[in-house]
Amino acid sequence: MFDLICSIQSYAWGKFGSSSRVGQLGAKNDSKFVLKEEESYAELWMGTHPKGPSMIVDLERCLLADYIAGKPEILGSKVREQFGNDLPFLFKVLSVRTALSIQAHPNKEHAALLHKAMPEHYPDDNHKPEMAIAITPFEALCGFRPVAEIVDTVQEIPELLNLIGLDSFNALLSAAQQNDNLKVKISLRKCFENLMTSNEQSVKNCLSSLLDRIQQKGEHVSRSELFVRTHGQFPGDVGCFVTYFLNYIKLQPGEALFLGPNEIHAYISGDCMECMACSDNVVRSGLTPKFKDVTTLCQMLTYRCESTEKQLFEPSKLDEFTLEYDPPVPDFSVQRTLIAASTSYTLPSVESASILIVVEGDATISSPDHPVREGSILFFDANEKCTVNTKTNSILLFRAFCKL
């Protein structure tokens, strides 16, 4: 077991200064970090990704990746058999102030093709399934809504119908009425492509028209608060209309989403833990100043329509203190552990290397006794035992590992 110092990413959508959970944790994690109120602190990265590598405190800030390369046995035999001598996951804390891009992540085969064709936009050849676990109330868009809801919304908003086109909408309506899942996916893709490739000025005109109806005329339009908010952040952006196609979810602390390959999503606001395969591949198409790859996104999506409830990922309860989030991929799993005050608790054993972060509270970890507090981040070898001893305060921690 050893302490890590981890990297912070200052993206434009992050929360500012001490309002950012990332900033708060980063300041407590690294004694050399100076928190600035005017700075954006969006993501805290824990792992070996070269864009934001973690360092070992007691080894003069030696890179974790270099340490693992010299002692790959600490990963665990099963991890090495499946993933080689690299840590297969990237663990993060996110603090979201404004909406992230409308996006999806490629599968492994597609990631390799994108990386070969456009390495400047797709920096590695790995897939990026990911999981978000709310720390605070957390808003997100995730997956296409049930088709009946999409149809009703388009009928309610003529500006959206204008961009989609009447013929394409009628095809979607017919497919929905026939309850033909394949036709729904085909016609929904056509509607979505029409929207995303609409003339820029037409999009701006339609957005202005809808905004005027909501703000000036006081007309009732579904999801008007979300639409107005995203338009205020990204005026004239077609992604504001995409919000009407997707499930709008409000997670409470401890609730989670799992986002597999080719599933459309966007985070809106709040703080969360996030774990993913070790990749930074993102295909974007709206609500972003970054590179937009509309054609690729439209081609890759599943166009699966499901209810909001089906987007939630349910953890299993290991004991009175620990919940385990075990997604249908081998790259990572996450445990959320909330230990009461004046308690001695041995964390569940795992057969892989793991990274642990203390999000709230303080305690000691044995053996030997090692003080930890909010912002402490630790690396554990595979099969290493860990007992947490709390005193007057409870402690909330998250641990990422591979469950193989």
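Leaving aside neighbours within four places in sequence, with which residues is S342 in contact? They are T390 and K391, where contact means heavy atoms within 4.5 Å.

The model is predicted, so that local features need pLDDT of at least 70 and side-chain atom pairs count only at pLDDT 80 or more, whereas totals for chains, interfaces and linings use all residues. Residues are numbered from 1 along each chain as its sequence is written, and side-chain values use heavy atoms, with hydrogens and water left out.

**S342 and T390**

S342 is found in the loop between β19 (333-339) and β20 (344-346), the strands being DSSP runs (E, at least two residues) numbered from the N terminus. S342 counts as exposed because its relative accessibility is 63%, the cut-offs being under 20% relative accessible area for buried, over 50% for exposed and partly exposed in between, with a 1.4 Å probe and protein chains only. Between the C-alpha atoms of S342 and V294, which stand 48 residues apart along the chain, the separation is 54 Å.

Its contact partner T390 belongs to another loop, the one between β24 (387-389) and β25 (395-401), and T390 is buried, with a relative accessible area of 8%. Not counting residues up to four places away in sequence, T390 touches I339, A340, A341, S342, T343, D362, A363 and I395. With A340 there is also a short distance to report, since a polar atom of the T390 side chain lies 2.6 Å from the backbone oxygen of A340.

**Cysteines**

The structure holds 0 disulfides, a disulfide being a pair of cysteine sulfur atoms within 2.5 Å. For two buried cysteines the distance to the closest cysteine sulfur is too far for a bond, as the table shows.

| Cysteine | Relative accessible area | Closest cysteine sulfur |
|---|---|---|
| C6 | 9% (buried) | C275, 13 Å |
| C206 | 7% (buried) | C240, 12 Å |

**Nonpolar cores**

In soluble globular proteins, nonpolar side chains tend to be buried together. The largest nonpolar core here has 52 residues, and those with the most contacts inside it are F144, L160, F192, L195, F227, F241 and F245; such a core is a set of buried Ala, Val, Leu, Ile, Met, Phe, Trp, Tyr and Cys residues joined through side-chain atoms within 4.5 Å. A second, separate core of 42 residues includes L25, L64, V93 and I377. Returning to F144, the residues it touches, not counting those up to four places away in sequence, include I150, L188, F192, F245 and L246, and also N247, R304 and E306.

Methods: Helix = DSSP H or I, 4+ residues; strand = E, 2+ residues; numbered from the N terminus. Polar contact = N/O pair within 3.5 Å; in protein donor to acceptor, adjacent residues only side chain to side chain.
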